[in-house]
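Let's take a walk through this protein together, one stop at a time. Have a look at the chain first, and then we'll begin.

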Amino acid sequence: MTVAREHWGSRLGFIMASAGSAVGLGNVWKFPYMAGENGGGAFLIIYLGCVLFFGLSLVMAELLIGRITQLNPVGAFRKLGGRAWAGVGAMGVLTAFIILSFYIVVAGWTLAYIVFMGENTFGGLNVDQSTAIFEGFVASPIQPVIYAAVFTVLMVGVVLGGVASGIERASKWLMPLLFVLLVVLAIRAVSLPGAGEGVAFYLMPDWSRVTAGTWGGAISQAFFSLSLGMGAMLTYGSYMSREQNLPRDASLVVGLDTLVALLAGLVILPAVFSAGMEPSAGAGLTFMTLPTVFAQMPAGAIFGLAFFVLLAIAALTSAVSLLEVVVSYLVDDKGMSRFNAAVATGIVIFILGIPVSLSQGIWAEHTIAGMSFLDFADFATAQVMMPIGGLLIALFVGWQLGPRAVESLKSHPDQSLPLAGLWLFILRFVAPLGIAWILLQGFF
């Protein structure tokens with residue numbers, strides 16, 4: 001018996017859920033420190049260019065494949081391109097699976113920091129002391145695993161509710177809350193004494209700090225923050241109505257995602273400059289530097305708590321979309337019930353997350369290619385699997401579907417698509433060249 005495919009209950013629900021998929025740790029955690037390491041405004045401009053020229057085109061391409069087929073990534077590529085292309089969808093499912101194995105660990109840290117902020121753990125501490133607390137926490141063999149388990153239960157719980165009643169309903173509540181928290185925190189950050197220097201650093205480009213790695217980092221960051229090459233957008237597109245205006249809704253999703261990244265930069269970098277700290281602190285900026293920054297603010301404990309609640313929400317909406325990629329495949333292709341697929345996947349992901357967590361402490365000496373399990377999984381997905389997935393999607397839609405893709409973009413036969421030719425040109429030529437460059441940067 002064929003089960004009728006679920007669909008989004010409303011256009012707003014789709015936009016909120018898809019924006020939630022795109023908005024994650026990549027926007028709020030990764031983007032600000034990447035900007036801090038790569039010249040502030042210069043990185044910002046390059047990143048915006050990557051989003052405009054690569055990101056939007058690929059988001060539209062992924063959503064289109066899903067909407068045409070109404071299938072999971074493996075089934076979608078098999079239906080449109082035959083068995084030879086099914087491997088592209090399988091790689092997307094595998095990428096989502098691997099990302100979740102370390103994503104639940106980092107997301108668990110955000111839950112722990114909500115508790116730390118609530119207890120005012122960082123009050124009166126300097127950066128060295130804050131760093132020691134973070135390093136001690138992540139090195140613990142028990143605590144981070146417990147928080148990863150809590151996050152996994154939350155993630156699975158949302159997916160168990162289904163598309164409209166679970167993912168869409170949660171997104172309609174969580175995404176507006178995320179935006180409100182971001183705006184409040186950004187207003188607070190830019191009003192701090194000395195924050196103007198941070199705003200200038202963030203918005204005024206310093207091209208002398210731009211290297212080849214800056215370009216590669218900006219493109220890979222655009223991929224990561226937009227959930228490209230991991231099957232998430234394709235899966236969400238498979239729940240779209242054929243009457244939805246895909247180019248318009250895709251533009252809104254990309255716009256909301258980019259707005260979150262821009263606001264996150266306005267929250268973190270001015271606050272760091274106000275506290276007289278180094279903006280290029282790297283990945284530790286969020287968990288080692290920011291707690292001290294918040295501790296120095298008036299009412300900083302409240303704003304610090306709000307920030308880590310925001311970070312946890314961003315992580316949850318993104319993780320839900322990644323889990324849905326795997327669940328959709330198991331339901332469509334393997335005939336599993338949603339309940340069994342979500343619970344089984346959640347259990348396996350949590351088990352894989354345990355060595356990832358331990359690699360930050362008692363298993364630190366165990367490495368892959370000289371990297372910890374967490375760093376290797378991040379590198380393999382962000383620098384290799386996602387770009388390859390994006391490259392193949394661009395080639396598939398640009399060349400395999402070609403003019404058919406342009407026709408399929410239309411929500412009705414008379415719809416005018418004046419930029420469709422440019423979109424196809426980007427997918428055929430511009431995006432593949434840019435993505436190939438990312439891959440070269442990652443290996444050489």
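Start with Glu168, which is buried, with a relative accessible area of just 3%. Keep in mind as you look around that this is a predicted model. Glu168 has a partner: its side chain meets that of Lys172 in a salt bridge, at 3.5 Å from N to O. Lys172 is partly exposed, at 36% relative accessible area. Both residues belong to helix 8, which covers residues 163-190, and because they are 4 residues apart there, about one helical turn separates them. As a bit of background, side chains of opposite charge can pair when their charged atoms come close.

How many salt bridges are there? The count comes to 8. Let's visit a couple that reach across the sequence. Asp332 forms a salt bridge with Arg5, and the closest N and O atoms are 3.0 Å apart. Asp332 sits in helix 14 (residues 300-334) while Arg5 sits in the segment before helix 1 (11-22), so this pair ties together parts that are 327 residues apart in sequence. Is Asp332 buried, exposed or partly exposed? With 30% relative accessibility, Asp332 counts as partly exposed, because that label covers what falls between under 20% (buried) and over 50% (exposed).

Now move along to Asp333, which forms a salt bridge with Arg78, the closest N and O atoms again being given as 3.0 Å apart. Asp333 lies in helix 14 and Arg78 in helix 4, so here the pair ties together parts that are 255 residues apart in sequence. Asp333 counts as partly exposed at 27% relative accessibility, and Arg78 counts as partly exposed at 34%. There's a little group to find as well: Glu6, Glu324 and Arg338 are linked in a network of salt bridges.

While you have helix 14 in view, look for Gly304, which is found in that helix. Gly304 counts as buried, with 0% relative accessibility. Pro291 is 13 residues away from Gly304 along the chain, and the C-alpha atoms of the two are separated by 6.8 Å. For another pair, try Gln143 and Ser357: they are 214 residues apart in sequence, yet 9.7 Å apart in space, C-alpha to C-alpha. Gln143 lies in helix 7 (residues 143-160), and at 37% relative accessibility Gln143 counts as partly exposed.

Next, a look at two loops. Gln70 lies in the loop between helix 3 and helix 4 (73-81). The phi of Gln70 is near 60 degrees, which is a positive value in a residue other than glycine. Gln70 is also buried, with a relative accessible area of 13%. Where would you look for Ser227? Ser227 is found in the loop between helix 10 (212-225) and helix 11 (232-237). Ser227 has a positive phi too, about 60 degrees, although it is not a glycine. At 3% relative accessibility, Ser227 counts as buried.

On to the largest pocket, which has a volume of about 320 Å³. What lines it? The lining of the largest pocket is made of 16 residues, and Leu56, Met60, Leu419, Ala420 and Trp423 lie nearest its centre. The elements giving two or more residues to this lining are helix 3 (41-69), helix 12 (246-274) and helix 18. Helix 3 supplies the largest share, with 5 residues. Sorted by class, the lining of the largest pocket has 13 nonpolar and 3 polar residues, and no charged ones.

Our last stop is on the outside. Trp399, Leu419, Leu422, Phe425 and Phe429 form a nonpolar patch on the surface, and together they have about 550 Å² of accessible area. Which helix gives the most to the nonpolar patch? That is helix 18 (residues 420-443), with 3 residues. Trp399 is found elsewhere, in helix 16 (residues 373-401). Trp399 counts as partly exposed, at 46% relative accessibility. You may recognise Leu419 from the previous stop: Leu419 is one of the residues nearest the centre of the largest pocket, and Leu419 is part of the nonpolar patch too.

Definitions and conventions
Residues are numbered from 1 along each chain as its sequence is written. This is a predicted model: local features need pLDDT of at least 70, side-chain atom pairs count only at pLDDT 80 or more; totals for chains, interfaces and linings use all residues. Side-chain values use heavy atoms; hydrogens and water are left out. Patches are made of residues with over 30% relative accessible area and no salt bridge: like charges are joined within 9 Å, nonpolar side chains (Val, Leu, Ile, Met, Phe, Trp, Tyr) within 5 Å. Accessible areas come from the Shrake-Rupley method with a 1.4 Å probe; for residues, only the protein chains shown count as cover. A salt bridge is a side-chain nitrogen of Lys or Arg within 4 Å of a carboxyl oxygen of Asp or Glu. Buried means under 20% relative accessible area, exposed over 50%, partly exposed in between (1.4 Å probe, protein chains only). On a 1 Å grid over the protein atoms alone, a cavity is a set of points where a 1.4 Å probe fits but cannot get out, and a pocket is an open set with protein on both sides within 12 Å along at least five of seven lines; lining residues have an atom within 4 Å of a point. Grid points are joined across faces, edges and corners, and a volume is the space filled by probe spheres set on the points. Ala, Val, Leu, Ile, Met, Phe, Trp, Tyr, Cys and Pro count as nonpolar, Asp, Glu, Lys and Arg as charged, and the others, Gly among them, as polar.
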